[in-house]
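Reader: Got a minute to go through this one with me? Put it up and we can start.

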Amino acid sequence: TLSGQAYGTWEWDMLKGGDAKTITVAFTSLDQDMDDCYRSSINATEAVNLVERSSASSSVIIASAGGYVNINQWYHWKFTRTKAGVFTLWIDETLIVADNGSNPVTDTTYTTSVFTVLDLDAGDRVANFTYKDEIQQ
């Protein structure tokens, strides 16, 4: 999906439909391959994370402990990013407790966006995307 938003508020609902796999949303991406982007996921251990990804490497900048979310349960995701590059992540209106990195966290690697890209497996669901070019508290 085309999305030129690199700052502001992003919200969506997400359900991970199975064990031992990862569901990913690259909500600011310069390409359709999910390189050169910020992406968030629920990984194989049900940890929640925010990753800064280039074509050569990945850096986890926010990560919860494993078992943070349940399989087959809907969660409401909300990210904000200020013009200074400060990201904050909430799940179901609760600030994520970072087991790795910090929340909020500052990263200014990518300042533009072209796409929102999804990587889903059988049973995964994403719905109700909302983009706002301002911070919504």
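Author: What follows covers the overall fold and then one residue; the model is predicted.

Reader: How many helices and strands does the chain have?

Author: There are 12 strands and zero helices. In sequence order the pattern reads β-β-β-β-β-β-β-β-β-β-β-β.

Reader: What radius of gyration does the chain have, and what would a compact globule have?

Author: The chain has 13 Å, and a compact globule with 137 residues would be near 14 Å, so the value agrees with the rule. The C-alpha atoms fill a box of roughly 35 × 30 × 30 Å along the principal axes.

Reader: And what share of the residues is buried?

Author: Buried residues account for 48% of the 137.

Reader: Contacts next. Of those between residues at least 6 apart in sequence, what share joins residues at least 24 apart?

Author: That share is 59%.

Reader: Switching to charges: how far apart are the mean positions of the positive and negative ones?

Author: They are 2 Å apart, taken over 9 positive and 18 negative charges.

Reader: Now S40. Where is it, and is it buried or exposed?

Author: S40 lies in strand β3, which spans residues 37–42. S40 has a relative accessible area of 0%, under the 20% cut-off, so it counts as buried.

Reader: What does the side chain of S40 reach?

Author: It reaches the backbone oxygen of N49, at 2.7 Å.

Reader: Which other residues does S40 touch?

Author: Leaving out residues up to four places away in sequence, S40 touches I23, T24, V25, F27, L50, W77 and F79, as well as N49.

How values were computed:
Residues numbered from 1 in each chain as written. Predicted model: local features only at pLDDT ≥ 70, side-chain atom pairs only at ≥ 80, totals over all residues. Heavy atoms only, no water. Helix = DSSP H or I, 4+ residues; strand = E, 2+ residues; numbered from the N terminus. Buried < 20%, exposed > 50% of the residue type's maximum accessible area, 1.4 Å probe, protein only. Polar contact = N/O pair within 3.5 Å; in protein donor to acceptor, adjacent residues only side chain to side chain. Contact = heavy atoms within 4.5 Å. Rg over C-alpha atoms; globule rule 2.2 N^0.38 Å. Lys, Arg positive; Asp, Glu negative; His and termini not counted. Charge placed at Lys NZ, Arg CZ, Asp CG, Glu CD.
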